[in-house]
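Reader: Before the discussion begins, please show the structure in question. I should then like to ask how its descriptive labels are justified.

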Amino acid sequence: MADPRINELASRLVRYSLNLQKGEKVLIENTGLQPELVRALVRESFAVGALPLVTLKDQEVLRALYQGTSEEHMALMAKYEYERMKDMDAYIAIRAYDNINEFADVPEDKMGIYSRVLYQPVHTNERVPNKRWVVLRYPNKSMAQLSNMSLEGFEDFYFSVCNLDYAKMSRAMTPLKELMERTDRVRIVGPKTDLRFSIKGINAVKCDGKRNIPDGEVYTAPVRDSVEGTIFYNAASNYHGISFTDVQFTFKEGKIVEATSSNTKALNDILDTDEGARYIGEFAIGFNPHILHPMLDILFDEKIAGSFHFTPGNAYTVADNGNRSSVHWDLVQIQRPEYGGGEIWFDDVLIRKDGRFVLPELEGLNPENLV
């Protein structure tokens, strides 16, 4: 018998996240085979009168494609994927990787071709600004292992996170969004971190289950050349199959002028992808009450309660500082006491200390008020 939580999730994705309507076309793209959820999404799409299309992808096949690719080959793939995406009204991506390091031995220049020639035009430039979309993972043994949990335990965690009352969370986000849009100067302090920048005049966006599942952040972007100081990211990160720890940046006039990590060469190779990769495209505050520890999956890690992320690379057009790059790499610092603590200040007013919001109008985003 199918897990009823799968049907609940499919209904939430189709009816809440995407709000699919009769006659609309939705592309369901599954990397790693999760037939139970794909079937449920197809049935739910038909139930509301939408027209589902399905693409199934495999990590090992993608690795072979990326290893042998060229500019000409990737442009051909991008041509067809772009035309299909352009014809869609909505998009659902289900990604569950058996091996997060599957692409670790694909040369960085090849992954760069994929990012620049296919991902940027198809997803960054077409899907993200023009379509209704939602991206999620699906529980498997690999994700359970990364979380130091049993598969059954991780499945319980996953469905509690994904089937959260996001409408309630959305209402609690509104005061933070409004405060960010009134703010000029931001200062963030913590272990090995003293960061200053402006967010004046840039839109703030609530992430309330209509783009990512799980969700739970409000994001904006810093004024491109305003970032000064240093930041240390205490959550490990995986980018294109390479894992990084102890990432630290130093900024001058918005640009990353020094970057070190457990793999400093690979880190700087990514930051040298293009000019925009050394500038920040997103600043976001995370507060999902169920997500407490990193698991090398950014869709979860960027929502960790008491965290923020500060993202080198491309800015979203809905919160735009003008930075353009084929890179968009969400890197996370957790500020709860067990991770060293930290403070976020807006215009010289403390808004969050050690991962907890201290302004009365923001206390609705503290964990006990969201579960």
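Author: The model is a predicted one. In it, Tyr316 has a relative accessibility of 23% and counts as partly exposed.

Reader: Why is Tyr316 called partly exposed?

Author: Partly exposed covers the range between under 20%, which is buried, and over 50%, which is exposed. Tyr316 stands at 23%, so the label is partly exposed.

Reader: What makes Tyr219 buried?

Author: Its relative accessible area is 9%. Buried means under 20%, so Tyr219 meets the criterion.

Reader: Why is the aromatic pair of Tyr219 and Tyr316 called tilted?

Author: The ring centres of Tyr219 and Tyr316 lie 5.3 Å apart, with 55° between the planes. Rings pair if their centres lie within 6.5 Å, and planes neither under 30 degrees nor over 60 apart count as tilted; the pair therefore earns that name. Tyr219 belongs to strand S9 and Tyr316 to the loop between strands S16 and S17, so the pair ties together parts that are 97 residues apart in sequence.

Reader: How do you know that Arg224 lies over the face of Tyr279?

Author: Arg224 is at 3.7 Å from the ring centre of Tyr279, and the distance limit for such a placement is within 6 Å. The charged end of Arg127 likewise sits over the ring of Trp133, at 4.7 Å from its centre.

Reader: Why are helices H3 and H5 described as roughly perpendicular?

Author: Helix H3 (residues 59–68) and helix H5 (residues 108–130) pack at an angle of about 100°, their axes being 8 Å apart. Angles of 65 to 115 degrees count as roughly perpendicular, and H3 and H5 are therefore described in that way. In this contact, Tyr66, Gln67 and Gly68 of H3 meet Lys110, Met111 and Tyr114 of H5. Three of the contact residues are nonpolar, two are polar and one is charged.

Reader: What makes Gln34 buried or exposed?

Author: Gln34 is buried, because its relative accessibility of 7% falls under 20%. This residue lies in the loop between strand S1 and helix H2. Apart from neighbours within four places in sequence, Gln34 is in contact with Ile94, Ala96 and Tyr138.

Reader: What is noted about the backbone at Asp246?

Author: Most residues other than glycine have a negative phi. Asp246 is not a glycine, yet has a positive phi of about 55°. Asp246 is found in the loop between strands S12 and S13. With a relative accessibility of 46%, which is neither under 20% nor over 50%, Asp246 counts as partly exposed.

Technical notes. Residues numbered from 1 in each chain as written. Predicted model: local features only at pLDDT ≥ 70, side-chain atom pairs only at ≥ 80, totals over all residues. Heavy atoms only, no water. Phe/Tyr/Trp six-rings, centres within 6.5 Å; stacked < 30°, edge-to-face > 60°. Helix = DSSP H or I, 4+ residues; strand = E, 2+ residues; numbered from the N terminus. Buried < 20%, exposed > 50% of the residue type's maximum accessible area, 1.4 Å probe, protein only. Lys NZ or Arg CZ within 6 Å of the ring centre and 35° of its normal. Axes fitted to C-alpha atoms, helices over the stretch in contact; angles between N-to-C directions. Parallel < 35°, antiparallel > 145°, perpendicular 65-115°, else oblique. Contact = heavy atoms within 4.5 Å. Nonpolar A, V, L, I, M, F, W, Y, C, P; charged D, E, K, R; others polar.
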